[in-house]
Amino acid sequence: MTHLFSPFTLRDVTFKNRIAVSPMSQYRALNGDANLWHAVHLGRFAMGGAGLVYTEATAVEADGRRTHGDLGLWDDSQIKELRRIAEFIENEGSVPGIQLAHAGRKASERRPWHGETPVDAEDVAERKEEPWDAIAPSAIPYADGWPTPCEMSEDDIQRVIAAFGSAARRSHEAGFKIIEVYAAHGFLIHQFLSPIANQRTDQWGGSAEGRMRFAIKVAESIRENWPEKYPLVFRLSATDWLDGGLEAADTIEISKALKAVGVDMIDCSTGGIGGKDRPRRMVIEQGFQVPFAHQVKSEADIATMAVGFLWDAKTCEEHIATGKADMVALARELLDDPNWPLHAAAELGADENHNMWSVEAGWWLMKRDRLLTKLGLR
Ligand SMILES: Cc1cc2nc3c(=O)[nH]c(=O)nc-3n(C[C@H](O)[C@H](O)[C@H](O)COP(=O)(O)O)c2cc1C
């Protein structure tokens, strides 16, 4: 038995292996509603053998979407289509997970292929997509050329905290078994956590404890609406890679505080707080964020998921075997090969006869293998 293909349990939920489909926004929703695109996009990863399939960032309120195409779960009417998707994922043996999000000052942005710049008159002319006002902990724009967001009032803060709770209740009704909160990559919760975006002097800022308060309240609000038997995960940017920003030591403290209010795992990503330019300190190589998952796991004593530039089965196996993380999450490699988990299982010797495949494919592939061997072609 390999480590990558050993089961892993959080609360009452068992993943058949350690491979998660990292959230991947498709920008294909209309008014936040999921459709057949999302079903096929996510369904193929369940068929491909991942232990956990996360939806993309799913907005807890309409104005919390990053783009016009973001998925949403701010209304009960949005449950039905997501329920079909969650059911399919579960029937194929994967755990259906949802990522809940609020974009904060990154809201009202163009899709990546439209420029990842603020929505403006061109979008209105070409796609009838209007810009909208963004909110943030402080009135500091995301980057040069971005509009200044409105500093959140106490009412705004309480409304968004409650919206995360309501979205958690809907996630349960939709049949998801794990929630990941998007508190990384410069989204709203990360904006509260990072001193670069949060310059408030009230109880929601001013100190490390103050900046953490919003994340803690979001976790509590979700826990009140989410069954105790199901896990809750936070995706954090473990470092901002910028002087004056969050560092790994801050992330350890944040993780400990989240654990104390019922968070079960930290998904360790990095960066994204200030503009599109890659920070000088950020050096990208295979598994470059894994050391953060390792550090958080050992120093905050909480399960972790490693993500970022992972594609090699043996390397992923090694990360799990050596206790660097409890799970690995892959995004772009799975876009390239949605069957990556099944191929990784074969490569690592965990599935020699296509037994892990759905029988509809596995039966034929096993027969083809036998024939190829008989004909001396393999
Ligand atoms: C198409 C695409 C969409 C993404 N959307 C999200 C998202 O909705 N939420 C999120 O947390 N990260 C998102 N990411 C980041 C990935 O989840 C992942 O962290 C990142 O791509 C690094 O992993 P990789 O090297 O395996 O691609 C997205 C990445 C891609 C490629």
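This is a short walk through two helices, three strands, the ligand shell and a few single residues.

Okay, ground rules. What we have here is a predicted model, where local features need pLDDT of at least 70, side-chain atom pairs count only at pLDDT 80 or more, and totals for chains, interfaces and linings use all residues. Residue numbers start from 1 along each chain, as its sequence is written. When I say helix or strand, I mean a DSSP run, numbered from the N terminus: H or I and at least four residues for a helix, E and at least two for a strand.

Let's begin with helix α2. It covers residues 79-91, so to speak, and its 13 residues reach 18 Å from first C-alpha to last, close to the 18 Å expected at 1.5 Å a residue. That expected span is 1.5 Å times one less than the number of residues. Which residues of α2 are buried? They are Leu82, Ile85, Ala86 and Ile89. Seen down the axis, those buried residues of α2 fall within an arc of 100°, so they line one face of the helix. The arc, by the way, is that of the directions from the helix axis to the C-beta atoms. Here's the background: an α-helix has 3.6 residues a turn, so residues three or four places apart point the same way.

A word on burial. A residue is buried if 20 or more other C-beta atoms lie within 10 Å of its own, exposed if 12 or fewer, and partly exposed in between, with C-beta atoms placed from the backbone. On the face of α2 turned away from the buried side you'll find Lys80 and Asn91, both exposed. And what covers the buried residues of α2? The cover includes α1 (36-47), β4 (52-59) and β6 (95-101). Contact here means that the C-beta atoms of two residues, placed from the backbone, lie within 7 Å. Just past the helix, Gly93 has a positive phi of about 95°.

Now for helix α4, residues 154-173. Its 20 residues should span 28 Å at 1.5 Å a residue, and the end C-alpha atoms are 29 Å apart, which agrees. Its buried residues are Ile157, Val160, Ala163, Phe164, Ala167, Ala168, Arg170 and Ser171. Down the axis of α4 they fall within an arc of 165°, so they too line one face of the helix. Glu154 and Asp155, on the other side of α4, are exposed. The cover over the buried residues of α4 includes α2, the helix we just left, along with β6, β9 (178-183) and α6 (208-225). Just after α4 comes Gly175, with a positive phi of about 95°.

Over to the strands. β10 (residues 232-237) and β11 pair in the parallel sense over five bridges, where pairing means DSSP finds at least two bridges between two strands. On the other hand-over, four bridges join β11 (residues 265-269) to β12, and those two also run parallel. A nice residue to click on is Ile266 in β11: Phe234 is its bridge partner, and Ile266 also stands opposite Thr304 in β12.

Are the faces of β11 covered or open? Both are covered, with Met265, Asp267 and Ser269 buried on one side and Ile266 and Cys268 buried on the other. For β12 (residues 303-307), five of its five residues are buried. Ala303, Met305 and Val307 point one way from β12, while Thr304 and Ala306 point the other way. In a regular strand the side chains alternate between the two faces of the sheet.Next, the ligand. Of the 19 residues around it, Ser22, Pro23, Ala57, Ala331 and Arg332 come nearest, and being near means having a C-beta atom, placed from the backbone, within 6 Å. β4 and α10 (332-336) each supply at least two residues of that shell. By type, the shell divides into nine nonpolar, six polar and four charged residues. For that split, Ala, Val, Leu, Ile, Met, Phe, Trp, Tyr, Cys and Pro count as nonpolar, Asp, Glu, Lys and Arg as charged, and the others, Gly among them, as polar.

Last, a few single residues. Most residues other than glycine have a negative phi. Lys128 is not a glycine, yet its phi is positive, about 55°. Lys128 sits in the loop between α3 (121-127) and β7 (135-136), and with 8 C-beta neighbours inside 10 Å it counts as exposed. Phe309 likewise has a positive phi of about 55° without being a glycine. The loop holding Phe309 runs between β12 and α9 (313-321), and Phe309 is partly exposed, with 16 other C-beta atoms within 10 Å.

One more, from the segment before β1 (8-10): Ser6. Its C-alpha atom is separated by 9.7 Å from that of Ile320, although the two are 314 residues apart along the chain. Leaving aside neighbours within four places in sequence, Ser6 is in contact with Met1 and Arg18.
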